[in-house]
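The following questions ask how a structural label is justified. Each answer sets a computed value against the definition of the term and then draws the conclusion.

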Amino acid sequence: MKGNPVISSKIENGVLELKISRTEKRNALSRAMYGQLTEELDEIQKSNECKAIVIHGEGDHFTVGADIGDFQEKRGEGDSPAVVFLRKLANTPIPIIAAVEGFAVGIGTTMLLHCDFVYAGQGARFRMPFVQLGLCPEGASSYLLERVVGPRKACDWLMNARFFDCDEALAAGLLTAAAPQGKALEMARETAKNLSRLPSVALRTTKRMLTRDNKAAVQAALDDEVQNFAELINSDATQKIFKSFLNKSGRS
């Protein structure tokens, strides 16, 4: 296993597993971790040996999303490390499988829109709290979420910024299937094993054909989100929300 204690990877029998391992922060993602995930995805695309990628979190949670402490720094022009990772995820030609347990918050939910298979254990809880934090959607969720779950559910989840559970996520179409609690990774690995037996070129061609009509729209959505997200995060009103949140949580 290579990497470091927060993002680890292993490849075996044509399957790359990426594990988010920051359990003391419920697997919150830092800028450095986004960079590591991007590097892993970039590196694996140089080989034709990989048939599938599995992304999961260590311990009880997938990820509670971005480390909110990073939001205290104002954004400049261009993509943040998170957006660089999301663009790489969206353009990865290899089938991607997510295994979700516990919290999947913020980018922990929006990244699932770029996965080809999503399995979640009963007890998983999802949330996109952007509006409550004074922000706008990210991860191309302003475009993809409506296409996946429909306009009414997309408005509900994004505007109300509420938690929703595994059953609701499955019924809406966000998930491929639900698993017993603690068994999402097992289900993801079984799918990865099935894919590993199939011809690589055929798999990648099929994925390209399934996603071709969305490619330009996803990139346009990301571009629009980057601009609006930066404007909001740099505003005094949003920074006040972050400061209040961090003060309540006992962080500086």
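Q: Why is the contact between Asp79 and Arg87 called a salt bridge?
A: In this predicted model, the side chains of Asp79 and Arg87 come together with an N to O distance of 2.6 Å. A salt bridge requires a side-chain nitrogen of Lys or Arg within 4 Å of a carboxyl oxygen of Asp or Glu, so the pair qualifies. Side chains of opposite charge can pair when their charged atoms come close.

Q: Why is Asp79 called partly exposed?
A: The relative accessible area of Asp79 is 35%. Buried means under 20% and exposed means over 50%, so Asp79 falls in between.

Q: What makes Arg87 count as buried?
A: Arg87 has a relative accessibility of 15%. The limit for buried is under 20%, and therefore Arg87 counts as buried.

Q: How do you know that Asp67 and Arg22 form a salt bridge?
A: The closest N and O atoms of Asp67 and Arg22 are 3.2 Å apart. The cut-off is 4 Å, so the pair is a salt bridge. The two partners come from distant parts of the chain, 45 residues apart: Asp67 lies in the loop between β4 and α2, and Arg22 in the loop between β3 and α1. Both Asp67 and Arg22 are buried. The search of the whole structure finds 11 salt bridges.

Q: Why is Asp156 called buried, and why is Arg162 called partly exposed?
A: Asp156 has 19% relative accessibility, which is under 20%, so Asp156 counts as buried. Arg162 has a relative accessible area of 26%, between 20% and 50%, and is therefore partly exposed.

Q: What links Arg162 and Asp156?
A: The side chains of Arg162 and Asp156 meet in a salt bridge, with 2.6 Å from N to O. These two residues also belong to a network of salt bridges that includes Lys153 and Glu168.

Q: Which residues of helix α5 are buried, and against what do they pack?
A: The buried residues of α5 (residues 151-160) are Ala154, Asp156, Trp157 and Leu158. The buried residues of this helix pack against α4, β9 and α6. Just after α5, Ala161 takes a positive phi of about 55°.

Q: What makes strand β4 mostly covered?
A: Six of the six residues of β4 (residues 52-57) are buried. Ala52, Val54 and His56 point one way from the strand, while Ile53, Ile55 and Gly57 point the other way.

Q: How do you know that β4 pairs with β3 and with β5?
A: Pairing requires at least two bridges between two strands. Six bridges join β3 (residues 15-20) to β4, and these strands run parallel. The chain crosses from β3 through helix α1 (residues 31-44) to β4 in a right-handed β-α-β crossover. Four bridges join β4 to β5 (residues 96-100), again in parallel. Here the chain passes from β4 through helix α2 (residues 81-90) to β5, and this β-α-β crossover is also right-handed. The cut-off is two bridges, so both pairings hold.

Q: Why is Asn13 called exposed, and why is Ala140 called buried?
A: Asn13 has 66% relative accessibility, which is over 50%, so Asn13 counts as exposed. Ala140 has a relative accessible area of 0%, which is under 20%, so Ala140 is buried. Asn13 lies in the loop between β2 and β3, and Ala140 in the loop between β8 and α4. Phi is positive in each residue, near 55° in Asn13 and about 65° in Ala140.

Q: How do you know that Cys50 is in no disulfide?
A: The structure holds zero disulfides. For Cys50, the nearest cysteine sulfur is that of Cys115, 13 Å away. A disulfide requires sulfur atoms within 2.5 Å, so Cys50 has no such partner. Cys50 is buried, because its relative accessible area is 1%.

Q: Why is Cys136 without a disulfide bond?
A: The closest cysteine sulfur to that of Cys136 is in Cys155, at 15 Å. The limit is 2.5 Å, so this is too far for a bond. With a relative accessible area of 12%, under the 20% limit, Cys136 is therefore buried.

Notes: Residues numbered from 1 in each chain as written. Predicted model: local features only at pLDDT ≥ 70, side-chain atom pairs only at ≥ 80, totals over all residues. Heavy atoms only, no water. Buried < 20%, exposed > 50% of the residue type's maximum accessible area, 1.4 Å probe, protein only. Right-handed = clockwise from strand over helix to strand, strands pointing away. Contact = heavy atoms within 4.5 Å.
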